[in-house]
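Work through the exercises below with the sequence and the model side by side. Try each task before reading its solution.

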Amino acid sequence: MGSRNRKYRIVRFSVLAAALILMGIGLWKQEQTEVLGKAVRICLECIGIG
């Protein structure tokens, strides 16, 4: 059981590290403004205003 828990721990850490790296790249490229703009447009379309 010890090696199985270690494998899961390595996988979890790898996924977390990859997610943090990708979020950092997105923030560095200023992608958050585009995501927010798209979210606003989708929300307004759902309400029926846009």
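**Exercise 1. Find the element in which L44 is found, and decide whether L44 is buried, partly exposed or exposed.**

Solution. Begin with the position along the chain: L44 is found in helix α2, which covers residues 31–47. Bear in mind that this is a predicted model. Next take the relative accessible area of L44, which is 32%. Because buried means under 20% and exposed means over 50%, L44 with its 32% is partly exposed. Finally, look at the surroundings: L44 belongs to a nonpolar patch on the surface, formed together with L36, V40, I47 and I49. The accessible area of these residues together is about 490 Å².

**Exercise 2. Work out how many disulfides the structure holds, and explain the result from C43 and C46.**

Solution. A disulfide is a covalent bond between the sulfur atoms of two cysteines. A pair of sulfur atoms must lie within 2.5 Å to count. The closest cysteine sulfur to that of C43 is in C46, at 6.6 Å, so the two are too far apart for a bond. C46 is likewise in no disulfide, since its nearest cysteine sulfur, that of C43, is 6.6 Å away. The structure therefore holds zero disulfides. As a last step, compare the exposure classes: C43 counts as partly exposed at 42% relative accessibility, while C46, at 67%, counts as exposed.

**Exercise 3. Locate the salt bridge that a search of the whole structure finds, and describe where its two residues lie.**

Solution. The search finds one salt bridge. The side chains that meet in the salt bridge are those of E34 and K38, with 3.5 Å from N to O. Both residues lie in helix α2, where they are four residues apart, about one turn of the helix. An α-helix has 3.6 residues a turn, so residues three or four places apart point the same way. For exposure, E34 counts as partly exposed at 42% relative accessibility, and K38 also counts as partly exposed, at 42%.

**Exercise 4. Check the lengths of α1 and α2 against a rise of 1.5 Å a residue, and describe what follows each helix.**

Solution. Take α1 at the outset: with 27 residues, α1 reaches 39 Å from its first C-alpha to its last, close to the 39 Å expected. The 17 residues of α2 should span 24 Å, and the end C-alpha atoms of α2 are 25 Å apart, which agrees. Now turn to the residues that follow. After α1 comes Q30, whose phi is positive, near 60°, and this is a positive value in a residue other than glycine. Q30 lies in the loop between α1, residues 2–28, and α2, and counts as partly exposed at 47% relative accessibility. After α2 comes G48, whose phi is also positive, near 105°.

**Exercise 5. Describe the overall form of the protein chain, using its helices, its radius of gyration and its exposed area.**

Solution. Start from the elements: the protein chain has two helices and zero strands. Then consider the radius of gyration, which is 18 Å for the protein chain, whereas a compact globule of 50 residues would have a value near 10 Å. The spans along the principal axes of the C-alpha trace are about 55 × 25 × 5 Å. A pair of residues gives a further distance: the C-alpha atoms of I10 and I47 are 37 residues apart along the chain and are separated by 44 Å. I10 lies in helix α1 and counts as partly exposed at 48% relative accessibility. In the whole protein chain of 50 residues, 2% count as buried. The last step concerns the surface, where the protein chain exposes about 4800 Å², with carbon and sulfur atoms supplying 69% of that area.

Terms used. Residues are numbered from 1 along each chain as its sequence is written. This is a predicted model: local features need pLDDT of at least 70, side-chain atom pairs count only at pLDDT 80 or more; totals for chains, interfaces and linings use all residues. Side-chain values use heavy atoms; hydrogens and water are left out. Patches are made of residues with over 30% relative accessible area and no salt bridge: like charges are joined within 9 Å, nonpolar side chains (Val, Leu, Ile, Met, Phe, Trp, Tyr) within 5 Å. Accessible areas come from the Shrake-Rupley method with a 1.4 Å probe; for residues, only the protein chains shown count as cover. A salt bridge is a side-chain nitrogen of Lys or Arg within 4 Å of a carboxyl oxygen of Asp or Glu. Buried means under 20% relative accessible area, exposed over 50%, partly exposed in between (1.4 Å probe, protein chains only). The expected span of a helix is 1.5 Å times one less than its number of residues. The radius of gyration is taken over C-alpha atoms; the globule rule is 2.2 Å times the number of residues to the power 0.38.
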